[in-house]
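Let's take a walk through this fold, from the whole chain down to single pairs of side chains. Keep the viewer open as you read.

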Amino acid sequence: MRFPLPEAVDPDVGANSLQSYQLSPNKHFSLAVQSRANGIRVPELVLEHGLDREEEALHHLVLTASDGGDPLRSGTVLISVTVFDANDNAPVFTLPEYRVSVPENLPVGTQLLTVTATDRDEGANGEVTYSFRKLPDTQLSKFQLNKNTGEIKISENLDYEETDFYEIEIQAEDGGAYLATAKVLITVEDVNDNSPEVTITSLFSPLTEDSPLGTVIALLNVHDLDSGQNGQVTCSISRNLPFKLEKSIDSYYRLVTQRALDREQISSYNITVTATDGGSPPLSTETHFTLQVADINDNPPTFSHISYSTYIPENNPRGASIFSVTALDPDSKMNAQVIYSLAEDNVQGVPLSAYISINSDTGVLYALRSFDYEQFRDLQVQVTATDSGDPPLSSNVSVNLFILDQNDNIPEILYPALPTDGSTGVELAPRSAEPGYLVTKVVAVDRDSGQNAWLSYRLLKASEPGLFAVGLHTGEVRTARALLDRDALKQSLVVAVQDHGQPPLSATVTLTVAVADSIPDVLADLDSMKAPADPDASGLTLYLVVAVAAVSCVFLAFVIVLLALRLRRWHASRLLPAVGGGLVGVGASPFVGVDGVRAFLQTYSHEVSLTADSRESHVIFPQPNYADTLISHESCERKDPLSLLDDSKFPIEDTPLVPQAPPNTDWRFSQAQRPGTSGSQNGDETGTWPNNQFDTEMLQAMILASASEAADGSSTLGGGAGTMGLSARYGPQFTLQHVPDYRQNVYIPGSNATLTNAAGKRDGKAPAGGNGNKKKSGKKEKK
C-alpha cells in the first residue's frame, strides 16, 4: 500500500536542483519516487510489512531530499505514521482455571473470587464482558457474576451435604466477535452444621420382667450428614439404667438388657439415647422412648403381719364380723387379685368351717355361731391368700382368736347341796361353842373366769341376828358370840354367793343349824317342845282340822290374788313398759316340821340371782335333783321380782345390763393376802381371793378325792375321809356326784389349808380321828 509524501522544492536548476530522496531505514516502510512528465519527482511511502498496533502504534520516519550541487545541500522532513487499532485480538483470561475452596457456612453475598480477561485491542474492541456458559439452573441460582468486573459472589447458602463441588465455565467477550473461556472450580468445605440423627428401627415393648440378660430391646440407626470427623457419631444412655448399647454393623446399635428387671420396683423406663458427633464444637441429639415392663406372677400375696390376734367376747351374735385380714400382691391385674380362704381344721371334732367363715374377696372373718368361753377359749385359724396368676401363688397367716369371758354363769353352790334321796341335812352347833367356832362352810364355784369367778359370801338373813357370821371370801359360817340357853334350837341362815362380774350374778342357799351337842340332844329337845297329851284327843283333832282348812283357804286366796296381779301386770306391760318399782320383801323359807325329826329337819333351799344394777331379781326354787344339776343360764332369766333379803323393800335402780369389761388390772392384794384354798383363816373376814390356778386345782383335787371316798360304803359322816373332814356337823353326805369338775376355772377363796385341817381346828382334834363320831353319824345316816 502506497502513501504519497510531500514534494521537495529547490530553486536551483540543473545539477544544483533536487536530485534524490532518501527515507530513514525501518522494517515496515520503504520509499518509492515517481517521476512525472514535467520532470517533477514525487516521493511515496510504501508499506512493506504488516503493521501491528499492539506492537507499535506509532512510527517515526525521516525523509531527506538532496540536490546535486557542490557543496551538496539537503532538506529533511519528519513523517509520523500512526497505526489505527483493528479488532484483531481476542480476550485472554489471566488463568485458564480458577480454583477456590470455601466453607459451606459462608453468608449470602460473600465474594468468592474475581476472574479477569484482557483484550489487546483498544476502545470498543478491547472492552470485555463476562458471563456464565452452559451453567445449570440449580447452580445458576447459587452464584452471581458481575459481567463487567468478573466478580463471583454467593447468592444462596451453600450446603456441603447437598453439593460439595462446583465446576463453572465463564466466557469473556469483546466488542467484536472474539471470545475467551475459563473454568472456575469451587470446592465446598464441610462445616459441623448437622446434628446426628437417630432412628428407632425396632422396639420390643412391653418386655416381660423375667427376660434373660442380653435380650434385645431396640435397634437404632445413627446417621450424620456431615463428613469426616464431623460425621463420626457415638451413642450413649444413662448409666443407672439396666440396659446397654452395643455397636452392630455399620451405623446400627442395639439396646440390650444388662441387669434383671423387676416390674414391682419399676414398671416402665424412660430411655434417652444421646448421639454425639466428633465435630468441633460437637453436636448431639437426644432420642426418647418408653419401655414398658410386662408383669409375671412372681410375687405371692403378703400379709402385713406374721400373725394376727384378736379378742372376741363370748355370746357374740351369729354372723358378726370379728376380724379382717388383708394381703397385698405387688403384681398387677389378675396376678394381683387375691382370694382368701380358710385352711381345713377341726375344733373339738367339729369342722372349723362350722365356726368361722371368710369373705373370699375382702378377707373379713365372720362368726357362724355364738362362742362359749367355757367350751373353748381360743381358736387358731390359718388364712390362705391366693392370687389369680398362672400358676397361682399363695401365702398363709395364722389368726389367733381369743374368746373373752363374760359373766354369763351364776355361782354354783357345791355345798351344802340339796339331797336327792329325800333325806334332810342339818348342821350342828354345840351350845358350848365359843365365838368364832366353825359351824359349816359354804363351797361354791363359778364356771366363769377372772373377776367373773371371784366369789364373795354374805349373810342375807338369819333367824337370830348377830349369832352367826359368814366369811366374806371363805364362806365359813362361824359363831359370832357364845350360844345362850335362850337361843332357839333351830337356826335358819340364808347365805348369798355373788361374783364380781359386770353385772354381778349371785345365788343363795339356806342353812339349818341345830343348836345341840349331839343328835340325841336334838331329839330330846324336840320331845320337850311337844305339847302334853290332851285327854280329849278328839277335841285336839278337831282343832287341827279347822286349822288346816283355814290355812288352805288362806293359801287359795293368796294364789288367786297372785294370779290377778300377774294378769294385771301382763296387761299393763302390753300397753306401756313398766316404769320404776321396788322389790317386795318376802320372808325367809319357812321351817316345816311338826311330826318327828324328819319333818323338823326338812328345809327349803332358795337360790337367788341378784344383780347390783338391775331392778328385777330372780328367784329360783330348785327341784329335788338340785344337787346334781348346774344352774342353767335360763334360770337367771325368770321374771318374778322376789327378794329373800328381808321383809322390807329394796328399791334398785333400773339399769340395763352392759357387756363385761376386761378384768380390772387395779385389783391388788397385800402381801398378807396370799392366794390359797379356803378354810385356812378360821373365819377371817379379810381373806384373799385365789388367783393362783395351782392352789385352785390342788383344792379341787382334794375335794374330788374326799368325795370319791365318800362314795364308798365303808365311809361315815364322822371325821373320816368320806366326809372331806367336815365332821358330822357338815351333813348331808358330800359325794362325788355333788362335785362337777371345774378345775379349769374354779376359784374357791381361802388359804392353802385343806378343809380337813379346817375341820380339825374347829373340833380341836386330828381329822383322822373320826371314830368317836361313828355313832352320831350312824344315827344321822339312819335318819
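What follows covers the overall make-up, then two sheets, then some salt bridges.

**The big picture**

First off, this is a predicted model. The protein has 7 helices and 47 strands. Of its 783 residues, 42% are buried. Take the contacts between residues at least 6 apart in sequence: 68% of these join residues at least 24 apart. On the outside, the protein exposes about 41400 Å², and carbon and sulfur atoms supply 54% of that area.

**A sheet built around β15 and β14**

Strands of a sheet pair through backbone hydrogen bonds, either parallel or antiparallel. One open sheet here has 4 strands in the order β8-β15-β14-β11, and its pairing is mixed. Which strands stand at the edges? They are β8 (97-103) and β11 (129-132); each has a single partner strand, so one side of each is left without a neighbour in the sheet. On average, neighbouring strands of this sheet are turned by 25 degrees against each other, direction ignored.

If you want to trace a pairing by eye, try β8 against β15 (residues 179-189): the two run parallel and are joined by 7 bridges. A handy place to look is E97, whose bridge partner in β15 is K183.

**A second sheet, further along the chain**

Another open sheet of 4 strands follows the order β36-β43-β42-β39, again with mixed pairing. Its edges are β36 (427-429) and β39 (456-462), and since each of them has a single partner strand, one side of each is left without a neighbour in the sheet. Direction ignored, the neighbouring strands in this sheet are turned by 35 degrees against each other on average.

Here the pairing to trace is β39 with β42 (residues 490-498), which is antiparallel and spans 6 bridges. Find R458 and look across to β42, where its bridge partner is A496.

**Salt bridges**

Side chains of opposite charge can pair when their charged atoms come close. How many salt bridges does the protein have? The count comes to 14. Three of them are set out below, with the closest N to O distance for each.

| Salt bridge | N to O distance | Relative accessibility |
|---|---|---|
| E156 and K142 | 3.8 Å | E156 34%, K142 8% |
| K244 and E246 | 3.5 Å | K244 34%, E246 23% |
| R481 and D487 | 3.2 Å | R481 21%, D487 3% |

Start with the salt bridge between E156 and K142, at 3.8 Å. E156 sits in the loop between β13 (151-154) and β14 (165-173), while K142 sits in the loop between α1 (137-140) and β12 (143-145), so the pair ties together parts that are 14 residues apart in sequence. E156 is partly exposed, whereas K142 counts as buried. There's also E162 to look for, as K142, E156 and E162 are linked in a network of salt bridges.

Next, K244 and E246: is each partner buried or partly exposed? K244 is partly exposed at 34% relative accessibility, and E246 is partly exposed at 23%.

Last comes R481 with D487, their closest N and O atoms being 3.2 Å apart. R481 is partly exposed at 21%. D487 has a relative accessibility of 3%, under the 20% cut-off, so D487 counts as buried.

Methods. Residues numbered from 1 in each chain as written. Predicted model: local features only at pLDDT ≥ 70, side-chain atom pairs only at ≥ 80, totals over all residues. Heavy atoms only, no water. Buried < 20%, exposed > 50% of the residue type's maximum accessible area, 1.4 Å probe, protein only. Contact = heavy atoms within 4.5 Å. Areas by Shrake-Rupley, 256 points an atom, 1.4 Å probe, with all protein chains shown as cover. Pairing = 2+ DSSP bridges. Axes fitted to C-alpha atoms, helices over the stretch in contact; angles between N-to-C directions. Salt bridge = Lys/Arg side-chain N within 4 Å of Asp/Glu carboxyl O.
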